[in-house]
Amino acid sequence: MSLEINHDRCMHCGACVGSCPENSLFLREFVLEVDESCVECGTCVKTCPINALKLRGV
Amino acid sequence: MDPDEGDILECDLLVVGGGPIGSTAARFAAKNYSGKIMVIEKRQEIGSPVRCAEGISTGWLDELEIEKTEHFMSKKVLGAKLYSPGGHELKIGKELAGDEVGAVMERDIFDKEMAVLAGREGVDYMLKTSAINVIEEEGRVKGVKARKMGDEFTIEADLVIGADGFESQIGRWADIYDSLAPKDIMTCFQYRMTDIDFDPDHTHFFLGSAAPGGYLWIFPKGEKTANVGMGVQLSQLDGSMSVRDYLDRFIEENEWLNQGQAIDMVAGGVSVSPPPEKVVKDGLMLVGDAARVVDPITGGGIANGMKQAKIAGEVAARALNENDTSEEFLQKYEERWREKLEDKLWRNYMAKEKAVQLDDEQFDQVIDALSDQKIEEMSTEAILLAVGEKYPGLIESFQDMM
Ligand SMILES: Cc1cc2nc3c(=O)[nH]c(=O)nc-3n(C[C@H](O)[C@H](O)[C@H](O)COP(=O)(O)OP(=O)(O)OC[C@H]3O[C@@H](n4cnc5c(N)ncnc54)[C@H](O)[C@@H]3O)c2cc1C
């Protein structure tokens, strides 16, 4: 999986979860998880209000 | 007692999400139906942390049968002020009459109060409990897979209400609608700032390219304290700056703000989309942010969601009483909420689509043209009408909506 989640930055607001076109993200209470359905489109990276997400190698 | 791994729990109505809208739908269902109604909420504390700027109109509270409001109201305001990039200002409100036109809430207290009102009607709550999938049989929703404290179990229900907010996973797991388009998503960041200099009797909105496709808001919490936040449209971001970067830049550039201290940080997303084609299917209804009824111009979702929740609860009770939770029966919900909200949602969606095309110069023209007008009502229609009188050219493309 090449979506990198920076748990130190994440404010577990769920903005990325609601924006994900594949519904691949899940807030496990306050821990963000991504599953294998992720297509690495980068929507969540742009959505994240606080730059907690990035695609590896980008 | 917490459920064990593999348990099967049963209830008549299961509400997923203990936000104000889920609690209110559960409350109105419980008022009209005597069976088992349960709310599950992922968080350990209802209403916290707050994901909201807390600004509301107040007209709808009576209709929702909420009598005591003082304890969750932080500050009443007399009106709103809109600012263009060039510094023109437009005041909206019934200044002279001295009536309040809105208020800023304490959302954590409000959300808990909505749960208290539901609890009083007999609704059960289960906290720290997540729905992790929807259970369907032949296209009919039968309940959810859930997890609490590490144990996974099943909750079966005759009817499920998805009130899971912007995350809106219930509706997508059940294939009711697609994911949102980037232009219909606002990503937001907010500080509660103290020791800032501003007029605390108004809400303030700063328009233009400082907040691409959105706006910056200042909602007063007291004399020198306010929620200072920004929402930007996802499709207007190029990836080089996050919404927080835009907000920080605005604060840095304004002396009356940059001396202040942040005492709270809030992030979040809101939908600014057209109303979905459908929000029900056999055994399932969606409500509130999960039903995407946020006002596309303001990004406010509380009032619309609360009105929709009352209808959802009433129809849910009827469906359970009459033993029919089919999509066909649940059309009564679709009809009633659309009658109340849909026209305005569409109109404001179209207005949003136009407004995001305005450049800074046009915002200056519009606000300047309006600044000597008396606009008493904080509504898109009132603003457009006033623009039309002063600036027929600019308003032409909006005309079909009015
Ligand atoms: C930054 C920001 C500012 C805003 N400002 C305003 C404003 O000034 N005025 C206004 O009217 N509106 C505003 N809104 C919108 C407003 O916050 C929402 O419309 C409102 O919270 C909707 O209530 P809800 O109950 O539908 O959803 P929420 O309040 O989001 O509640 C949903 C609940 O469901 C829970 N949940 C989610 N998934 C699951 C699951 N799988 N299992 C169990 N529980 C789950 C969540 O933990 C949450 O508690 C703002 C939003 C943001 C992000």
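**Notes on the ligand site and helix packing in a predicted model**

1. A good place to start is the ligand, where a polar side-chain atom of R107(B) lies 3.0 Å from one of the ligand's oxygen atoms. Please keep in mind while reading that this is a predicted model.

2. Backbone atoms take part in the ligand site as well. A polar backbone atom of A131(B) is 2.9 Å from a nitrogen atom of the ligand, and a polar backbone atom of K42(B) is 3.2 Å from a ligand nitrogen atom. There are 33 residues around the ligand, and those that come nearest are E41(B), A53(B), G55(B), A131(B) and D289(B). A131(B) therefore appears both in that nearest group and in a polar contact, as its N or O atom pair falls within 3.5 Å.

3. R107(B) deserves a second look, since helix α2(B) covers residues 107-120. This helix packs against α1(B), residues 20-32, at an angle of about 20°, and the two axes are 8 Å apart. That angle makes the pair roughly parallel, and their crossing is left-handed.

4. Which residues of α1(B) meet α2(B)? They are P20(B), S23(B), T24(B) and R27(B). On the α2(B) side, the partners are R107(B), F110(B), D111(B), M114(B), A115(B), L117(B) and A118(B). Sorted by class, this contact has six nonpolar, two polar and three charged residues.

5. Further along chain B, α6(B) (residues 302-321) and α7(B) (residues 327-355) pack at an angle of about 165°, with axes 8 Å apart. Why are they described as roughly antiparallel? Because their angle is over 145 degrees, α6(B) counts as roughly antiparallel to α7(B). The crossing here is right-handed.

6. The contact between α6(B) and α7(B) involves, among others, I311(B), A312(B), V315(B) and R318(B) from α6(B), and F329(B), Y333(B), W337(B) and L341(B) from α7(B). Its make-up by class is ten nonpolar, two polar and six charged residues.

7. Two backbone details are worth checking on your screen. Most residues other than glycine have a negative phi, and most peptide bonds are trans. S48(B) and P49(B) are joined by a cis peptide bond, with omega about -5°; P49(B) sits in the loop between β2 (37-40) and β3 (55-56) of chain B. In chain A, N51(A) has a positive phi of about 55° although it is not a glycine, and its place is in the loop between α2 (43-47) and β4 (53-55).

Notes
Residues numbered from 1 in each chain as written. Chains lettered and ligands numbered in written order. Predicted model: local features only at pLDDT ≥ 70, side-chain atom pairs only at ≥ 80, totals over all residues. Heavy atoms only, no water. Axes fitted to C-alpha atoms, helices over the stretch in contact; angles between N-to-C directions. Helix = DSSP H or I, 4+ residues; strand = E, 2+ residues; numbered from the N terminus. Parallel < 35°, antiparallel > 145°, perpendicular 65-115°, else oblique. Left-handed = near helix turned anticlockwise from the far one by under 90°. Contact = heavy atoms within 4.5 Å. Nonpolar A, V, L, I, M, F, W, Y, C, P; charged D, E, K, R; others polar. Near = heavy atom within 4 Å. Polar contact = N/O pair within 3.5 Å; in protein donor to acceptor, adjacent residues only side chain to side chain.
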